[in-house]
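Here's a quick tour of the strands and pockets in this one, bench-style. Have the model open and follow along.

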Amino acid sequence: MSKNAFIKYVEDQVTVQNFPSFQAGDTITVTYKIIEENKERLQKFQGVVIQRVGSGPTSTFTIRKVSGNVGVERIFPISSPMISSIELNKKGRVRRARIFYLRNLRGKKARIQEARR
């Protein structure tokens with residue numbers, strides 16, 4: 001089996017759930033499952049999408065939030081079975097696909113302008 005055929009096979013096996021479309025600058029809430037020994041619970045992670053990488057079922061996105069003056073970033077694969085839902089809170093207006101400059105900004109400077117609908 002060639003490399004391209006194997007990649008196509010894996011992409012066909014992975015199912016992508018229907019999540020709302022979002023891009024860099026949007027504020028979203030991701031609800032994902034956490035499994036600890038024999039317990040399972042849902043946890044929410046709300047923050048700004050700072051990048052989307054890839055396309056199709058192999059794509060990933062990175063979310064950043066500030067928790068207690070410490071920046072926390074988390075990378076999620078879009079086709080992860082651990083993600084139970086993604087909720088779009090706010091559409092942001094940015095001019096870049098990857099907004100890593102947000103890491104250096106604090107307070108009011110770190111705000112993202114809301115997009116008009």
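**Strand β1 and its partners**

Strand β1 (residues 27-36) is largely enclosed by the rest of the structure, because 7 of its 10 residues are buried, meaning under 20% relative accessible area. Keep in mind that this is a predicted model. From β1, we'll look at its neighbours and then turn to the pockets.

*Pairing with β2*
- β1 and β2 run antiparallel, with 10 bridges joining them.
- If you want a spot to click on, Ile34 sits opposite Arg41 in β2.
- The hairpin of β1 and β2 has 2 residues between the strands, and Glu37 takes a positive phi near 50° there.

*Pairing with β5*
- β1 also runs antiparallel to strand β5 (residues 83-90), and 6 bridges hold that pairing.
- Here Thr31 is the residue opposite Ser85 in β5.

*Largest pocket*
- The largest pocket holds about 260 Å³ of space.
- It's lined by 14 residues, and Arg64, Lys65, Val66, Leu105 and Ala110 are the closest to its centre.
- Three elements each give two or more residues to this lining: β2 (39-53), β3 (60-67) and β4 (70-77).
- Sorted by class, the lining of the largest pocket comes out as 6 nonpolar, 5 polar and 3 charged residues.

*Second largest pocket*
- Next up, the second largest pocket has a volume of about 160 Å³.
- Of its 13 lining residues, Thr27, Val48, Lys90, Arg111 and Ile112 are the closest to the centre.
- By class, this lining has 3 nonpolar, 5 polar and 5 charged residues.

Key
Residues numbered from 1 in each chain as written. Predicted model: local features only at pLDDT ≥ 70, side-chain atom pairs only at ≥ 80, totals over all residues. Heavy atoms only, no water. 1 Å grid on protein atoms, 1.4 Å probe; cavity = no way out; pocket = protein on both sides within 12 Å on 5 of 7 lines; lining within 4 Å. Points joined across faces, edges and corners; volume = space filled by probe spheres on them. Helix = DSSP H or I, 4+ residues; strand = E, 2+ residues; numbered from the N terminus. Nonpolar A, V, L, I, M, F, W, Y, C, P; charged D, E, K, R; others polar. Buried < 20%, exposed > 50% of the residue type's maximum accessible area, 1.4 Å probe, protein only. Pairing = 2+ DSSP bridges.
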